[in-house]
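Thank you all for coming; I would like to walk you through one model this morning, going from a small sheet to the interior and then to a single helix. Please have a look at it on the screen before I go on.

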Amino acid sequence: MDDSNDPYGEHPHRESQSNNKRESLDALKKNLSDMARQAYSGPESDARQPSPLYIMNTDPSKIAHEAVSSSYNSAAYPSYHNTSYPQPPVQNVAFPSAQISSQEKKNQTQHKKRMSAEEKQHLVLNYLNTYYQPCANSSGNVLLMERSSGTLFPPGVDEIRQAVNAACFHRVGVEVSNSAIRSALEKFTERASVPLSTRPVYGRAGCVERAPSFRVINCHQGAYRVDSMSPQVALSGASFDDVPYVIPHRSLPLEVINTHIQAVPQRLIPWLKGLTGLPETSLLLVITWMMLTWMPDKKQVLLELRGGDNDHIVQAQRVIKKLIDPSRQPGDNALPTGTAAFNAFCQQEYVISLERFDSLTPQQQKNLLGVMEGKEVEWVWRDSKKQKMRIHVQCPVMMSCLESPLTDTALMARTLSMDAGTGARGGFGLQATEMLSGTLTELLALFGLVQQSVHYLVPPEKAARYRRQGPLSDFCHIGEAVAVNLGQPEEAFWEQLQLAQRDGQEDAYESDDIAQALVQCWEDNANEAIEWSMTDWLELLPAYLQKGQEVGFPKTQKALSIRFKKASEVLKAHGLLLEPIGRIDSNRRAWRLRKMPDTSAFASL
């Protein structure tokens with residue numbers, strides 16, 4: 001019998017092939033180890049060493065990356081370019097499907113050869129240099145930024161360890177212990193590179209600090225570059241090197257179909273009206289707020305949608321949220337009161353959307369104001385694991401309600417309140433997927449035009465007009481740009497803002513007995529300025545209260561001062577200015593009620 005036909009017999013050619021495989025594997029490991037030493041050299045290395053990024057683009061690393069990438073499920077992650085649907089995001093996981101099958105492990109261990117601890121560490125450093133960039137936060141903690149997506153990771157989390165271990169095993173059939181990976185991570189964060197000095201971005205479109213004319217929109221599936229020198233928005237050429245992002249665990253990608261957006265938006269207003277059912281007299285304000293939410297470095301505003309038909313308003317609210325910040329949960333019906341719980345809550349997504357809220361405690365309002373202004377919080381990684389580091393969080397807020405639950409004066413000053421119930425008929429909602437996609441494309445096109453408009457310095461008279469709006473100054477600046485780029489005059493924005501503020505202040509006036517008493521006091525005193533001490537206000541103001549309002553009148557100067565601060569915002573709609581003026585007459589604190597210098601905050605200068 002011919003041994004060459006016996007599949008179980010020894011064959012000289014088979015033995016030779018086995019020896020060649022072992023020799024090739026040993027040579028490959030040696031080359032990879034040498035490359036790693038060159039890519040990751042200590043302080044004593046030659047400064048003229050080539051960049052690790054270029055070294056790592058050689059064939060062995062590419063093979064490792066392709067091996068790991070091939071483990072993606074093609075059915076679950078369809079090709080972005082070959083289908084009409086955008087590719088889903090990689091959520092806070094470098095390689096989520098990089099798992100090693102038992103059969104693959106069995107096949108690869110047949111050719112496995114032991115590597116020294118030093119070789120394993122160089123292998124890990126080689127991988128880290130290729131796919132991650134160290135980045136320092138505002139507190140000086142070193143984080144890891146995934147080069148391909150801009151996503152930030154705390155060093156040493158399970159996702160990174162799993163990706164490193166899987167890549168090493170797929171490449172050379174070697175498992176690396178967690179201790180070896182931790183040791184390599186420590187060296188990488190300490191010596192691999194000077195960390196990026198840019199503060200991590202918590203938002204959809206970060207501004208490049210070294211080139212303020214640029215913004216990078218992180219869609220989780222790619223980066224869109226926005227250059228204020230050119231309003232074109234394009235996917236090609238965008239880089240995350242200067243804009244590291246913190247991605248909340250509930251955040252989903254912007255579902256962008258077009259990868260090259262440069263058309264001037266023409267159908268944005270009718271499409272948005274069709275989707276939301278909101279009255280056309282408020283759409284410029286809504287679009288302006290949507291633009292503002294994509295600029296986390298600007299002063300954020302609370303959008304309050306009031307009305308009788310809560311179902312229609314919530315539907316409109318969910319459409320807006322889907323367009324600007326899609327997430328796994330369309331909205332929230334509960335809000336934590338405690339500071340620690342709220343800090344974890346506000347890290348779930350970029351835009352906080354509160355549905356059907358008709359009451360808020362003072363502490364909850366204080367928490368909302370704090371996160372809108374921006375605050376440092378302890379990083380809660382993926383909703384459960386607290387890290388020993390802090391990140392900067394700044395969130396826009398949107399809320400639907402029957403009647404405004406806001407009582408905090410500072411929060412009310414940062415609120416755009418609209419009566420969305422009047423004229424709202426209920427739009428197509430989230431079912432109109434093609435209209436949603438087209439509206440998002442139009443929004444991105446408008447964002448490029450607005451970024452170009454607001455980048456340049458404004459004339460002094462315009463700057464003064466914005467400042468009059470206090471915390472809404474950035475909102476007004478963007479609003480003028482929105483109106484102009486949608487083919488409408490600037491005054492169209494101011495008219496809608498004036499109408500919304502008047503409606504909101506009238507509702508607040510009807511529920512504020514102190515404001516009503518002050519208006520009556522002003523009229524009874526022949527519209528003359530009134531300067532009284534707090535003692536006099538406590539004694540004389542109750543005479544102007546309506547029947548039944550005396551019960552809730554403040555009993556102390558401090559309590560009345562708090563009510564005055566709230567009433568001062570309400571009185572602006574009546575052209576009155578209520579302000580503290582320090583101490584008068586035997587060092588007594590006093591407040592003054594007078595006519596506003598300019599009765600119309602929207603008058604042209």
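**A small sheet and the helix on it**

Let me begin with strand β2, residues 142–146, which pairs with β3 in the antiparallel sense over 2 bridges, and here L144 is the residue that stands opposite F153 in β3. I should say at once that this is a predicted model, and what follows should be heard in that light. The two strands belong to an open sheet of 3 strands, in the order β1-β2-β3, with antiparallel pairing. Strands β1 (132–136) and β3 (152–153) stand at the edges, and because each has a single partner strand, one side of each is left without a neighbour in the sheet. Helix α5, residues 117–131, packs on this sheet, where it touches β1 and β2, and the direction of the helix makes about 70° with that of β1.

Now to a parallel pair elsewhere in the chain. Strand β9, residues 302–306, is joined to β14 by 5 bridges, and the two run parallel; within that pairing, L305 of β9 has M418 in β14 as its bridge partner. As for β14 itself, residues 415–419, 4 of its 5 residues are buried, so this strand is largely enclosed by the rest of the structure.

Turning to the nonpolar interior, which residues touch the most other members of the largest core? In this core of 120 residues they are W289, W294 and F475, while the element that gives the most to it is helix α9, residues 283–293, with 9 residues. There is also a second, separate core of 25 residues, and A508, L518, V519 and L576 are among its members. To come back to F475, its contacts, leaving aside neighbours within four places in sequence, are L285, T288, W289, L292, V301, L416, F493 and L497.

A word on the cysteines: a search of the whole structure finds 0 disulfides. C168 is buried, at a relative accessible area of 2%, and C401 also counts as buried, at 0% relative accessibility.

I will finish with helix α15, residues 460–467, whose buried residues are A463, R465 and Y466. Seen down the axis of α15, these buried residues fall within an arc of 160°, and they therefore line one face of the helix, whereas P460 and R467, on the other side of α15, are exposed.

Terms used: Residues are numbered from 1 along each chain as its sequence is written. This is a predicted model: local features need pLDDT of at least 70, side-chain atom pairs count only at pLDDT 80 or more; totals for chains, interfaces and linings use all residues. Side-chain values use heavy atoms; hydrogens and water are left out. Buried means under 20% relative accessible area, exposed over 50%, partly exposed in between (1.4 Å probe, protein chains only). Helices (H or I, at least four residues) and strands (E, at least two) are DSSP runs, numbered from the N terminus. Two strands pair if DSSP finds at least two bridges between them. A disulfide is a pair of cysteine sulfur atoms within 2.5 Å. A nonpolar core is a set of buried Ala, Val, Leu, Ile, Met, Phe, Trp, Tyr and Cys residues joined through side-chain atoms within 4.5 Å. Contact means heavy atoms within 4.5 Å. Axes are lines fitted to C-alpha atoms, for helices over the stretch in contact, and angles run from 0 to 180 degrees between N-to-C directions. The arc is that of the directions from the helix axis to the C-beta atoms.
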